[in-house]
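Let's take a friendly walk through a protein model, stopping at a few spots that are worth finding on your screen. Please have the viewer ready.

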Amino acid sequence: MIYACATMWHESKYEMLQLMKSLFRMDRDQCIRKHAEEVFQKEDEDFYDFEAHILFDDAMTLNDNEEMEPNKWVKLLVNIMDEAASCVYEKDITIEAPIKVPTPYGGQLIFTMPGDNFLFIHLKDKAKIRHKKRWSQVMYMYYLLGFRIIRMCEEIVTEAVKEGKINELIYGKQEAPPRGRIGKSHIFHAFDDQVLKKASNTFLLALDGDVDFSPGAVRLLLDRMRKSEKVGAACGRIHPIGKGPVVWFQKFEYAIAHWLQKATEHVLGCVLCSPGCFSLFRGSALMDDNVMQKYTLLPSEAAHHLMYDQGEDRWLCTLLLQQGYRVDYAAGSDAFTYAPEGFAKFFNQRRRWMPSTVFNIIDLLADYKNTVYVNSNISMLYILYQGALLMSTIVGPATVLMMIAGANMVVFKVTLIWGYVIALAPAVFYFIICFYVKSETQIQIAEVLTGLYSFVMMIVLVGTIVTAAQESPFHPSVIFLGFLVVVFMFSAMLHPNERSCIIFGALYFLLIPTGFLLLSIFSLCNLHDVSWGTREGQKKKTKAEEEDEKRLNEEKEKKKKERGFFGKFFPTFPTKEFKHMLSKLTESQNTKKEDLSLCETNKLLKEINEHLKDIVEQKNKQIESKGKVMSDEKANTVQMSADETTEVKPKGIWMHLQTDHHSTESVRKNEIDSEETGDDRVKANRDDLVNPAWAECKELGNGKVIPLAPEELTFWESFVEKYLKPLKLSDDQIKNNAKGLIELRNNLALGMAMINLLWIAINFMFQFESPTTISLKLSGFENSPDSPDYLEENQRDSDDSESADNIIEVDVLGLLFIFFYLAILLLQFIGMIIHRWGTFQHLVSAVKLKNPFLVTDKMVRLSSSAEGTEDIDATEAREIIDNILKEPLPDYFDDSGPEEQFEQEIEEELQVLQKTGSRYRVTVTDNGIGATSRRLGYTDLGRSRDGLSKSARHIKDGLQATMRKHASAPKSEEFRRGMHYEAYRANDENVDRPLPPVRQRRLNLRTGRLELATRLQEYLKDSADPIPLIEERDSDDDIYDRLGSKGTVSRQIGKRLKLCAKSLKLMESHSNGPHQHCVSFENSGRPTSTLY
């Protein structure tokens, strides 16, 4: 069983199309394999069941009514389904509206693909379940490997007990258990064994939302899994696609990483990282101890944030390696994914990847003793190799700076000190500025420095050429660069399909400082940033949040206006206080005007005081008196005594203020109450597990809404509560996490800076003092004794006897460092050659090679095959079914069927799936007990197996004639005309309709019509056994109807098979003699039938 599990977030239309076309290719391939086995009854060793799952992170957004509905990316994905399916099947295909299933985490959209496989789209609500890629992986791992497998195995064991096959289920063909195996009853042995077996044969295909792959690539990954059960994961060759220089740089980077690094890791031990964009994982490996359970841990330290969430695929592979499993690399399994095209997106992506890579390698090396002990594929040589790569990564920035310093000295003839100062100045400046500016500004500065360093790398190239010309072509730096070029060129020759990547090697050389210096500094200085960094989207705000934001903006504008024109230039000047002081100074001028209105103000104040006194007195009376509560049952109201209900009438202007205030408050209160009651009424009718608002979205179609089965609902509720409940961190926890990440950033930045500066200082001192400089004599350029200048040179002084050009002074430390890199490169080159040989063997074993010397014998065997399908193997059967789908039929009738019946069957299968973990019923066959879509060995396809074999034989011969492989051209054309004729007959309602008596009398009884008239006369007579004018239904028709009973592709295959069989029967009847039915075409293109 293969579960394709893709994670999506904010992918574009083209990225979604790329993934959906890949899933539809898998659906088509599985459907062809299923029908090839069903028709020809030939076992396909590569058969698999298939199901696709897409987990959409943060899929819900608020609509205008503040209800959750799918966001625009979900609607876009649903909208492109028809386009993707039509591209794969090369005809217009309409995908039916999805079935909607409300879930505790959001919802499910369940599509039925053309090949009758399910596609689940899990809509994750950020408010109900944790988001981000790692938690999506945890979600489908526990659902598919935990709930599905265990429920399925329970059904298998139950069915085996009912059928009395429990021993066969446990011990194969043995009727009794072997001796010595005691301690548990059969039922427990059966359950344990079945779970292990099912999990070992269940594979999760981890995908990204923009990946493009083929079924052949997945098959090569499966071959790696079959090699050994200890292979826990397998990955393929990832090809970045896109436009622009940044993508070109990544093309070459990915190429050398796969050609050299991954190949060497595969040969020496295991691949450290199986990328999450295209990898195959074994279910039993993920279910092992300390793998899937540990993968659900929350970060408890600052470093855990970088390991767990920034590079989840690498951490998962580290857990597999530490548990003893192997991770393989299949170079022939190609997958294509969109790479970041912008400079900022590229830097943000690598800002996540680089720390995760380093921390996971450190974690693996720190526990190397246990890893070597547990994992038989990892040796100490492999540990040393990884340690060397880690050391080269740490001192990589210093190495680049020293290379630039050496080029400055050679080209510009500057001193050693100035060469290092010029090389170090930009790097130190960028390192310091990254601590004080935002990441966006850091990236902008990095872009400027990239242009500067590209010019510097041209200087390095010129310096290397000058060194080779003036000193010697055998200088260590020249040898290293030359060997590097030779290795890359030879690697490209060994990968002919990827040789175009070598063109971008020149750009990669110019951007070496960007990739190894600037990117390292940027990643190091932004360790505290644990955001994703790419595909970020703005979240839609609620009305309350919009009002708060509007209020804050108004306050800012108000303050801005208060500051006035003068405050723009002097923001720290106390403008408000200055205005207040001016108002105090001008207050004395307005005193006369205020005296006029002073009398009226005093009157108002007196009235207010009197009214307040009355209120205080009334309150005191209420406290002293005992209130008597009288209940009125009819009005259901509470009344107070006469003393308590006494009202105090306001006096003067206070009366008007109070009445106005109460009237406005009452109106406002009534409006608010009416709104609240209206919202409560709508929300009271909403149940997220029955009729959620998102299910009414028009863009999702008019599919049915069905509830979750109690078994699956219980699983999701308990699982989300335990593992995936949204994290609600307090302010203190957020501050502590941020503080810990900043401390980690500062410590690592200081440590990396000290290590690189120390390494530069050591090399600088060795070059400045030259304590360990050695002279290398190159004898290849000395004059030979036969040279005419030989005697003249021997007469020179002994100090000048040796040419200075033949002596190279090299620092020992620098020479050892070059040898260190050469050793790593040589090891990777050898590992690549070994891996290429293994890849060649793998590809040859996966391809069926035809023997040219057996063509004649095969032709005789095919022409002499009268009965059965023994001459067809599984590969030929798949080719035949594939050609059936490709067979063009002009004006072919509609492939649709009774959709209501199909929808009912799909709904029933979904209910079975939710209850038992499998959409297929558990059945007992000769091949075993299980639940699968496989039809090999089933006998319910029609009346008998002989009828199916007979039809398969005719189909084989007819299609081979159509493809003109083993038949003459006339026979092929006759067969095709027969298919067209049968297509017309199937679409014409009036074909073979009995003629009325009037038409019978008008028949022209000429040659060829006599037999028809005779049959009409006999049919119209009242005889006991009339001869029917319409042929009875063929005994094989029910077989083809059964094949095309469900699914778009199945209907196409079933109807085409029926046409092929009937056309072949017409050809056979034509070849038997005269007075038989044949097919001819007139100029109008309409087929007509004649008798002769």
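What follows is a short tour of a predicted model, from salt bridges to rings, a buried strand residue, unusual backbone angles and a surface patch.

## Salt bridges that link distant parts

Side chains of opposite charge can pair when their charged atoms come close. In this model the count comes to 22 salt bridges. A good one to start with joins the side chains of K128 and D688, at 3.1 Å from N to O. K128 is in the loop between β7 (118-124) and α4 (133-163), while D688 is in the loop between α25 (652-684) and α26 (710-724), so this pair ties together parts that are 560 residues apart in sequence. Both ends can be reached in part from outside: K128 is partly exposed because its relative accessible area is 25%, and D688 counts as partly exposed at 40%.

Next, look for D208 and K133, whose closest N and O atoms are 2.9 Å apart in a salt bridge. D208 belongs to strand β8 (residues 203-208) and K133 to helix α4, so parts 75 residues apart in sequence are tied together here. K133 has a relative accessibility of 12% and therefore counts as buried.

A third salt bridge brings the side chains of R350 and E253 together, at 2.8 Å from N to O. R350 sits in helix α12 and E253 in helix α8 (residues 245-268), so the pair ties parts that are 97 residues apart in sequence. Are R350 and E253 buried or exposed? Both are buried. Elsewhere, salt bridges that share partners join D29, R33, D44 and R878 into one network.

## Aromatic rings and the charges over them

If you enjoy looking at rings, there is plenty to find: a search of the whole structure gives 33 aromatic pairs. One of them is the stacked pair F343 and F347, with 4.6 Å between the centres and 25° between the planes. The planes count as stacked because the angle is under 30 degrees. Both residues lie in helix α12 (residues 343-366), 4 residues apart, which is about one turn of the helix. An α-helix has 3.6 residues a turn, so residues three or four places apart point the same way. F343 is buried, with a relative accessible area of 17%, and F347 is buried too, at 0%.

Y105, Y142, Y143, F147, F715, W716, F719 and Y723 form one aromatic cluster. Two lysines also sit over rings. K72 lies over the face of W73, 4.8 Å from the ring centre, and the charged end of K230 is over the ring of Y325, 4.5 Å from its centre.

## A buried residue in β6

L109 is found in strand β6 (residues 106-112). Its relative accessibility is 0%, so L109 counts as buried. Which residues does L109 touch, leaving aside its neighbours within four places in sequence? The contacts are V74, V78, P98, I99, K100, L119, F120, I121, L123, W694 and L700. One of these partners, P98, is 11 residues from L109 in sequence and 5.5 Å away in space, C-alpha to C-alpha.

## Two positive phi angles

Most residues other than glycine have a negative phi. E90 has a positive phi of about 60° although it is not a glycine. This residue follows α3 and lies in the loop between α3 and β5 (99-103). With a relative accessible area of 68%, E90 is exposed. By contrast, M81, A84, A85, S86, V88 and Y89 in helix α3 (residues 81-89) are buried.

K413 is another non-glycine residue with a positive phi, about 55°. K413 lies in the loop between α15 (396-412) and α16, and it counts as exposed at 59% relative accessibility.

## A nonpolar patch on the surface

Your last stop is on the surface, where I417, W418, V421, I422 and F768 form a nonpolar patch with about 520 Å² of accessible area together. Which helix gives the most to this patch? Helix α16 (residues 416-433) does, with 4 residues.

I422 is found in helix α16. I422 counts as partly exposed because its relative accessibility is 46%, between the cut-offs of 20% for buried and 50% for exposed.

Notes: Residues are numbered from 1 along each chain as its sequence is written. This is a predicted model: local features need pLDDT of at least 70, side-chain atom pairs count only at pLDDT 80 or more; totals for chains, interfaces and linings use all residues. Side-chain values use heavy atoms; hydrogens and water are left out. Patches are made of residues with over 30% relative accessible area and no salt bridge: like charges are joined within 9 Å, nonpolar side chains (Val, Leu, Ile, Met, Phe, Trp, Tyr) within 5 Å. Accessible areas come from the Shrake-Rupley method with a 1.4 Å probe; for residues, only the protein chains shown count as cover. A salt bridge is a side-chain nitrogen of Lys or Arg within 4 Å of a carboxyl oxygen of Asp or Glu. Buried means under 20% relative accessible area, exposed over 50%, partly exposed in between (1.4 Å probe, protein chains only). Rings of Phe, Tyr and Trp (its six-membered ring) pair if their centres lie within 6.5 Å; planes under 30 degrees apart count as stacked, over 60 as edge-to-face and the rest as tilted. A charge sits over a ring if NZ of Lys or CZ of Arg is within 6 Å of the ring centre and within 35 degrees of the ring normal. Contact means heavy atoms within 4.5 Å.
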